[in-house]
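Thank you for sending the model; my notes follow as numbered points, which are best followed with the chain open beside you.

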Amino acid sequence: MKRIIIVFISAALLLLISGCGKNNITESSMSAADSTADSSSTVEQPAVKAMAKAHSTEIIDGVTYIDGILIVNKTYSLPKDYNYGLTDETLESFNKMKKAAAKDNISLEIASGFRSYEEQETLYKEYSAENGQKEADTYSARAGYSEHQSGLAIDVNGADFSMVGQKDMKWLEKHCSEYGFIIRFPKGKENITGYSYEPWHIRYVGKKTAKEIKKQGVCLEEYLGVDSEYK
Ligand SMILES: [Zn+2]
């Protein structure tokens, strides 16, 4: 009888010990998992970048398409004679969005849509003369490098930094992806896009892509794995 009790107690002790052991193991493996997660997020970045490099690039008549999406930024320019105005899809989608916004008592107007190479050249020269080229480059594109020439970009209600935080800009940020647009130069991505935060400048990419870009919280450069720098 005594023996049985001793065996029972040791079994209970063993259970306790192994219980503690288990807890310790769980804790240490959890912290190990945490530190793995931390280090893997830094390790993962090059992997993500490597994946981004696997995008398909096509150049058709001097226009670059990455994964079928037209790209214009400081790296990728448009031919001087790329002169087609706003695309039908861009205009139709904007008009749909405008109607929806009106229901929320928000007025959306096209302040600037398509701009030709020549118009951009004049605009950029003015800004450069006014503020110097270095500063002008943070908010205005050089001729041939403006997304406005693509016919896929619109400045909504103006192009002025005092518009940041206004209710129309907030509405745009919240809803434009539902109509296939992205805020092209988002806050916090200035070093990647090469431009200051512009809540008014939207770019048509189609609903599916716009929603995906919004969900991922990335800018178009990150989404397509490209840079934006004058070479
Ligand atoms: Zn713009």
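**Notes on the predicted model**

1. The secondary structure of the chain, which is a predicted model, comes to eight helices and seven strands. Buried residues account for 26% of the 231 residues in the chain. When contacts between residues at least 6 apart in sequence are considered, 70% of them join residues at least 24 apart.

2. The open sheet is a convenient place to begin: three strands lie in the order S1-S2-S3, and their pairing is antiparallel. Because strand S1 (57-60) and strand S3 (69-70) stand at the edges and have a single partner strand each, one side of each is left without a neighbour in the sheet. Between S1 and strand S2 (residues 63-66) there are four bridges in the antiparallel sense, and within this pairing Glu58 has Tyr65 in S2 as its bridge partner.

3. Strand S7 (residues 198-204) deserves separate attention, since seven of its seven residues are buried. Which strands pair with S7? Strand S5 (residues 153-156) does so in the antiparallel sense over three bridges, while strand S6 (residues 181-185) does so, also in the antiparallel sense, over four bridges. Arg203 in S7 is a useful residue to locate on screen, as Ala153 stands opposite Arg203 and Ile182 likewise stands opposite Arg203. As background, strands of a sheet pair through backbone hydrogen bonds, either parallel or antiparallel.

4. For helix H2 (residues 88-103), the geometry can be checked by simple arithmetic: at 1.5 Å a residue, its 16 residues should span 22 Å, and the end C-alpha atoms are 23 Å apart, which agrees. Just after H2, Asn105 takes a positive phi of about 60°.

5. Where do the buried residues of H2 lie around the axis? The residues concerned are Thr90, Ser93, Phe94 and Met97, and they cover an arc of only 105° around the axis, which means that they are on the same side of H2. The general rule is that an α-helix has 3.6 residues a turn, so residues three or four places apart point the same way. On the face of H2 turned away from its buried side are the exposed residues Asp88, Lys99, Ala102 and Lys103.

6. It remains to ask what covers the buried residues of H2. The cover includes strand S4 (110-112) and helix H5 (167-175), together with S5, S6 and S7. The last of these elements, S7, is the strand noted above as mostly covered, and S7 pairs with S5 and with S6.

Technical notes:
Residues are numbered from 1 along each chain as its sequence is written. This is a predicted model: local features need pLDDT of at least 70, side-chain atom pairs count only at pLDDT 80 or more; totals for chains, interfaces and linings use all residues. A residue is buried if 20 or more other C-beta atoms lie within 10 Å of its own, exposed if 12 or fewer, and partly exposed in between; C-beta atoms are placed from the backbone. Helices (H or I, at least four residues) and strands (E, at least two) are DSSP runs, numbered from the N terminus. Two strands pair if DSSP finds at least two bridges between them. Two residues are in contact if their C-beta atoms, placed from the backbone, lie within 7 Å. The expected span of a helix is 1.5 Å times one less than its number of residues. The arc is that of the directions from the helix axis to the C-beta atoms.
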